[in-house]
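Here's a quick briefing to read with the model open beside you. Take it topic by topic and click along as you go.

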Amino acid sequence: MSFWTNAAEATRNVATEDDFEAAANRLVTEQVLYAADRGSKVAYGLIRDFEREFKRALEPLGYTVRVNSQLRYACAISQHTKSSSVSVEQTLLALVLRKIFDEETRSGHHDENGEVSCDLVTLEVKYKQATDGRELATGGKLLTLMQWMKRWGIARTTDDESSQPTRDVDQPYMVIIRPGIADILGE
């Protein structure tokens with residue numbers, strides 16, 4: 001009898017033990033799963049409906065599971081410091097994105113999924129203000145940094161998903177700051 005047997009039976013075998021294991025694995029590897037993302041709705045639903053079981057399964061591995069049913073995302077926060085280092089550029093961008101997210105959310109400027117859109121001009125201005133005049137990376141370097149933000153589940157670009165809000169012709173993409181940033185980066 002596997003760990004997930006009772007959970008699978010509770011779904012009347014609509015979900016299998018493998019589905020639960022796959023959802024747990026995705027949660028750990030992706031850190032944040034959003035119901036709004038293509039391919040994540042089922043995994044998010046299992047984690048939401050069986051939150052207690054996922055907490056029990058991941059706690060011995062050093063993860064705290066959090067589910068935000070209102071904004072429809074689940075995250076796994078590691079309680080152990082990671083040995084991999086994060087660059088100064090990654091750290092600064094993540095912190096600036098968190099600051100923008102907080103400001104815009106307080107003002108009520110977010111969509112129904114709790115996401116905040118930010119154009120590149122605003123991002124550059126806020127980045128310079130928050131970092132005492134440092135220049136924001138541009139072009140491919142910024143896209144590489146944004147890939148890290150996506151990997152951590154805290155932001156994405158409009159090119160990552162086919163949801164393209166209206167944007168200026170001069171903007172190659174918009175930065176979408178995701179609500180999981182509040183859990184990942186904390187206060």
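What follows is a short tour of the sheets, the helices packed around them and the aromatic side chains.

Keep in mind that this is a predicted model. There are two open sheets to find: one has its 3 strands in the order β1-β3-β2, and another has its 3 strands in the order β4-β6-β5. Two helices, α5 and α6, also pack against each other, with axes that come within 10 Å.

**The β1-β3-β2 sheet**

- Pairing in this open sheet of 3 strands is antiparallel, and the twist from one strand to the next averages 10°.
- On the edges you'll find β1 (32-34) and β2 (63-68), each of which pairs on one side only.
- Strand β3 (residues 73-78) is joined to β1 by 3 bridges, while β2 and β3 pair over 6 bridges, again in the antiparallel sense.
- Want a residue to line things up by? Cys 75 in β3 is the bridge partner of Val 32, and Arg 66 stands opposite Cys 75 too.
- Tyr 34 sits opposite another tyrosine, Tyr 73 in β3.
- How much of β3 is buried? The count is 5 of its 6 residues, so the strand is largely enclosed by the rest of the structure.
- The hairpin of β2 and β3 has 4 residues between the strands, and in it Arg 72 takes a positive phi near 60°.

**Helices around that sheet**

- Helix α2 (residues 17-30) lies across β1, β2 and β3. The direction of α2 is at about 115° to β1.
- Helix α3 (residues 41-49) has a run of buried residues: Ala 43, Tyr 44, Gly 45, Leu 46 and Ile 47.
- What covers the buried residues of α3? The cover includes α2, α4 (51-58) and the strands β1, β2 and β3.
- Lys 41 belongs to α3 as well, but with 57% relative accessibility, over the 50% cut-off, Lys 41 counts as exposed.
- Lys 41 and the hairpin's Arg 72 are 31 residues apart in sequence, yet their C-alpha atoms are 9.2 Å apart in space.

**The β4-β6-β5 sheet**

- This open sheet of 3 strands is also paired antiparallel, with a twist that averages 25° from one strand to the next.
- β4 (116-118) and β5 (155-157) are at the edges with a single partner strand each, so one side of each has no neighbour in the sheet.
- Over 3 bridges, β4 pairs with strand β6 (residues 175-177) in the antiparallel sense; here Val 116 stands opposite Ile 177 in β6.
- Helix α7 (residues 139-151) packs on the sheet and touches β5 and β6. The direction of α7 makes about 130° with that of β5.

**Where α5 meets α6**

- Which way do these two helices cross? The axes of α5 (residues 88-106) and α6 (residues 120-130) cross at roughly 110°, so α5 and α6 are roughly perpendicular to each other.
- On the α5 side, the contact is made by Leu 92, Leu 93, Val 96, Leu 97, Lys 99, Ile 100 and Glu 103. The α6 side brings in Leu 123, Lys 126, Tyr 127 and Ala 130.
- The contact residues divide into 8 nonpolar and 3 charged, with no polar ones.
- For the spacing along a helix, remember that residues three or four places apart point the same way, because an α-helix has 3.6 residues a turn.

**Aromatic side chains**

- The count comes to 7 aromatic pairs.
- One of them is Trp 148 with Trp 152: the ring centres are 5.6 Å apart and the planes are at 45°, so the pair is tilted.
- Buried or exposed? Trp 152, at 16% relative accessibility, counts as buried, whereas Trp 148, at 40%, counts as partly exposed.
- There is also an aromatic cluster to look for, formed by Phe 3, Trp 4, Phe 20, Phe 50 and Phe 54.

Definitions and conventions:
Residues numbered from 1 in each chain as written. Predicted model: local features only at pLDDT ≥ 70, side-chain atom pairs only at ≥ 80, totals over all residues. Heavy atoms only, no water. Axes fitted to C-alpha atoms, helices over the stretch in contact; angles between N-to-C directions. Parallel < 35°, antiparallel > 145°, perpendicular 65-115°, else oblique. Contact = heavy atoms within 4.5 Å. Nonpolar A, V, L, I, M, F, W, Y, C, P; charged D, E, K, R; others polar. Pairing = 2+ DSSP bridges. Phe/Tyr/Trp six-rings, centres within 6.5 Å; stacked < 30°, edge-to-face > 60°. Buried < 20%, exposed > 50% of the residue type's maximum accessible area, 1.4 Å probe, protein only.
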